[in-house]
Protein chains: 2
Amino acid sequence: MVKRILLSGYGNVGKEFVKLVKDNDEHVKEKYDIELVIVGIIGSQGCIYNEKGIDLDLLLKFGKGADALKEYGKINPLSFFKENIYDGDALVEATPTDIIYGQPALNIILDSIQAGLDIVSISKGALVTNFRKIISKARENNLRVKYSGATAAALPTIDIGEYSLAGCQINSIEGILNGTTNYILTRMHEENLSFEETIREAQSLGIAEVNSDLDVKGIDSGCKILLLSNSLLGTEYTIGDLKIQGIDGVTKEDIELAKKNGMVIKLLARAYLSDGKYKIEVKPTEIAEDHPLIGVKGTNKGIVFNTDTMGMVAAFGGASNPRGAAAAALKDIINLYR
Amino acid sequence: MVKRILLSGYGNVGKEFVKLVKDNDEHVKEKYDIELVIVGIIGSQGCIYNEKGIDLDLLLKFGKGADALKEYGKINPLSFFKENIYDGDALVEATPTDIIYGQPALNIILDSIQAGLDIVSISKGALVTNFRKIISKARENNLRVKYSGATAAALPTIDIGEYSLAGCQINSIEGILNGTTNYILTRMHEENLSFEETIREAQSLGIAEVNSDLDVKGIDSGCKILLLSNSLLGTEYTIGDLKIQGIDGVTKEDIELAKKNGMVIKLLARAYLSDGKYKIEVKPTEIAEDHPLIGVKGTNKGIVFNTDTMGMVAAFGGASNPRGAAAAALKDIINLYR
C-alpha cells in the first residue's frame with residue numbers, strides 16, 4: 001500500500017530521513033508492503049509539495065534547510081508554496097525542539113491532526129509542553145501518535161515499555177538518556193579531566209553543541225523521562241513538575257571521590273514509585289559496578305525497567321546521530337502501517 | 001473484547017500462566033480492553049474444557065500436571081475429556097520441549113491452526129523442527145504465530161528484532177541465551193570452581209535440571225538463535241545446520257587462561273553474515289571487557305543486534321523462571337489483540 005508522508009523540518013535529521021526513505025524504499029516495500037512517498041516538506045520559509053511525490057534525488061543535491069527547499073522550488077516552481085500544505089497519511093515532525101512553547105512543531109502537529117494525518121514526532125517540544133492535548137486530539141480523530149525519535153531514538157525505550165513489557169506492571173524506569181552528557185562524564189572519569197575541559201573537547205568533536213545547555217543542564221534527559229513516564233506510567237506531568245539537576249556542577253573532585261569508592265557518576269533520569277505516586281528526577285548519581293547501566297559509556301544511552309512479572313529488563317546502544325533518529329521515525333511509520 | 005484461550009501443558013509454566021491470567025485479568029481488561037477466558041487446558045492424559053471458562057481458583061487448589069486436571073474433572077465431571085478439544089481464539093503451547101520430533105506440541109499446534117486458533121508458543125520443539133510448516137499453515141489460515149516464550153521469554157529478543165528494529169538491516173545477532181550455562185560459567189569464573197562442582201551446585205539450587213544436557217550442551221541456546229535467525233534474518237535452517245558446542249568441555253584451566261588475558265568465557269550464540277550467507281554457531285567464546293554482553297552475569301541473558309542504520313542495540317535481563325516465561329506468553333496475547 002502507498003503511504004504518503006509529510007515531513008516538517010529539513011535540518012540534519014530531516015535530510016537524513018529523506019535519504020533513508022530514498023535508500024530503503026525497495027526494502028520497505030518488499031518486506032512490509034509499504035510504499036513510502038514523501039509528498040511534502042515544510043521548512044521555515046515555505047514548503048515544497050507534490051501530490052505525486054517530491055523528487056528526492058533532485059532535492060538531495062541542494063544541501064539542507066530552507067535554502068534547499070527554495071532551490072528545489074526554483075527548478076520546480078509549481079512545487080514551492082509560502083503557506084504550508086497539510087496532506088498525506090502521516091506527518092514526520094523534525095523541526096528544532098523548543099521546550100518553552102513547543103513551536104513550530106505544536107501548530108504543525110495540530111494542523112496535521114486536523115487534516116487527518118497520523119503523527120510521528122522526532123522533536124520533543126510539542127509533546128513535552130502539550131502531551132495530553134496532542135494525544136487526545138489524535139484520539140478524537142482516530143489517529144495515532146508515535147515518538148520513538150523523541151524518546152532516545154535508536155535506543156528502544158517506549159517500544160520496550162509498551163510492547164515488550166505489555167501486561168507487566170512497571171515499577172520504575174531508570175535511564176542514561178543523553179549521549180552528550182554521558183560522553184562528558186565518561187571522559188571526566190577515564191581521563192581525569194575537568195567539566196570545562198571536556199565540554200570544550202566535546203564541542204570541538206561535534207558531540208556537544210556550542211549552546212549545550214539543553215543537554216548539560218539535564219533538560220533533554222528530563223524531556224525524555226517525562227514522555228516515557230506520561231506514556232508508560234500514566235502520569236500527566238509537565239517539565240515544571242520535574243526535579244532536574246544537570247552535570248555542569250560535577251567537579252573533578254566529585255569524580256575522584258566516586259572513583260575512590262568504586263563508583264561511577266552518571267546522569268540518571270528516573271521515574272519511580274514513592275508513597276504510591278510516581279516521582280521523576282534527573283541528577284548526577286553515583287552507581288556501583290553491579291548497576292545494570294554501568295557499561296553504558298561514551299555517547300551511548302541505556303534504560304532499565306523494573307517490572308513485577310518480567311523482573312529487570314534493560315537495553316542500551318542505538319546510534320546517537322541524525323541517521324539513528326531518522327531510522328527511529330522510519331521504524332515508527334512501518335509499525336503504524338505494517 | 002473477550003479472547004478465549006486454550007492452554008496446552010500444565011507443568012510449572014502452564015500453571016504459572018493460569019495464575020498470571022487470574023491475577024491480572026482486571027489490569028488486562030482495563031488497559032487493553034481484552035477479557036481473557038481460559039476455556040480449556042490440554043494435559044498428557046486428557047483435557048479440561050468449559051466454553052464459559054475454567055474455574056481457575058478451583059483448579060489452582062490441585063497443584064499441577066495431569067493429576068490436577070483429573071482432580072478438577074472429579075469435581076466438574078462434565079469438564080473432563082479423554083480427547084483434546086480444540087476451541088478458542090488462541091492456543092498457548094507450554095508442553096515440554098522435544099527437539100527431535102517436536103511432539104506433542106506439533107500436533108497440538110497444527111490441530112489448533114486447523115481449528116482457527118492463533119498460536120502463542122512457549123515450548124521450542126515444534127518450532128525448531130517444523131518452523132516453515134507451522135508458519136505457512138498459519139498464514140494459509142490467516143492466523144498468527146508468536147513465540148517470545150521460546151526465544152528467551154522475558155528478555156525481549158524477537159520483539160526488538162521485529163518491532164524496534166523495523167526497517168533496519170540486521171547484520172548480526174549475538175546472544176547469551178541460556179541462563180543455566182551463564183550461571184555455571186559465571187560461578188566458574190568468579191569462584192575458580194570446576195565445571196563438575198558448579199553443575200552440582202546449580203542442580204542443588206534448582207538452576208540446572210538433573211538432566212541438564214539441553215542446556216549444558218548448548219542445544220537450548222541453539223534452538224533460540226535458530227528461531228531468531230529464521231524469523232529475523234530469513235534463513236530456513238533446522239537444528240542440524242548449526243555448529244553447536246556446549247560448555248561441558250570448559251575447564252578450570254580455560255577459565256584461568258582467559259582471566260589472565262583479561263577475558264571472560266561466555267556461551268555465545270551467534271548468527272552473522274559470512275560470504276553473503278548467514279552462519280549460525282553456538283560455542284564458549286572469550287569476550288573482552290568492552291564487549292556489550294560482558295555485564296550479563298549469573299542466570300541473566302542478553303542479546304546484541306548489529307544493524308545498518310541504528311548501530312548496535314543490546315538488551316539484557318528478564319526473569320529466568322516459569323513466571324517470566326508465562327509473562328512472555330501473556331505479552332504475546334496482548335500484542336496479538338490490543
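Copies are superposed by least squares on the C-alpha atoms of residues with pLDDT of at least 70 in both. This is a predicted model, where local features need pLDDT of at least 70, side-chain atom pairs count only at pLDDT 80 or more, and totals for chains, interfaces and linings use all residues. Residues are numbered from 1 along each chain as its sequence is written, chains are lettered from A in the order in which they are written, and side-chain values use heavy atoms, leaving out hydrogens and water.

**Stop 1: the axis**

Select chains A and B. A rotation of 180 degrees, with 0.0 Å of shift along its axis, lays chain A on chain B at an RMSD of 0.0 Å. That is how a two-fold axis relates its copies. Now pick A:Ala315. Its C-alpha is 2.0 Å from the rotation axis, the closest approach of any residue of chain A. The two copies use the same surface: 100% of the contact residues of chain A recur in chain B.

**Stop 2: the interface**

Select the residues in contact (heavy atoms within 4.5 Å). Chain A supplies 38 residues and chain B supplies 38 residues. Buried area is the accessible area (1.4 Å probe) that two parts lose on being put together, summed over both. Between chain A and chain B that area is about 3,100 Å², with 57% given by carbon and sulfur atoms.

Show A:Tyr163, A:Met310 and A:Phe316 as sticks. In chain A these three lose the most area to chain B, together 24% of what that side buries.

Next, colour by element. Helices (H or I, at least four residues) and strands (E, at least two) are DSSP runs, numbered from the N terminus. On the side of chain A that touches chain B, two or more residues each come from helix H1 (12-32), helix H6 (158-164), strand E13 (312-317) and helix H12 (322-337) of chain A. H12(A) gives the largest share of that side, seven residues.

What polar links cross between chain A and chain B? There are 16 residue pairs in polar contact, both residues at pLDDT 80 or more. A polar contact is a pair of N or O atoms within 3.5 Å; within protein, one must be able to donate a hydrogen and the other to accept it, and residues adjacent in sequence count only if both atoms are side-chain atoms. The count of salt bridges between chain A and chain B is zero. A salt bridge would need a side-chain nitrogen of Lys or Arg within 4 Å of a carboxyl oxygen of Asp or Glu.

**Stop 3: backbone exceptions**

Most residues other than glycine have a negative phi, and most peptide bonds are trans. Go to A:Pro104, in the loop between strand E5 (90-93) and helix H4 (105-114) of chain A. The bond that joins A:Gln103 to A:Pro104 is cis, with omega near 0 degrees. Switch to chain B: the bond from B:Gln103 to B:Pro104 is cis too, with omega near 0 degrees.

Stay in chain B and select B:Asn142, in the loop between helix H5 (125-140) and strand E7 (145-146). B:Asn142 is not a glycine, yet its phi is positive, about 60 degrees. Is B:Asn142 buried or exposed? B:Asn142 is exposed, at a relative accessible area of 71%. Buried means under 20% relative accessible area, exposed over 50%, partly exposed in between (1.4 Å probe, protein chains only).

Move on to B:Asp275, in the loop between strand E10 (264-274) and strand E11 (277-287) of chain B. B:Asp275 has a positive phi of about 55 degrees. B:Asp275 is exposed, at 80%.

**Stop 4: cysteines**

Finish with B:Cys47 and B:Cys168. B:Cys47 is buried, at 1% relative accessible area. B:Cys168 is buried, at 5%. The structure holds zero disulfides (pairs of cysteine sulfur atoms within 2.5 Å) over all chains.
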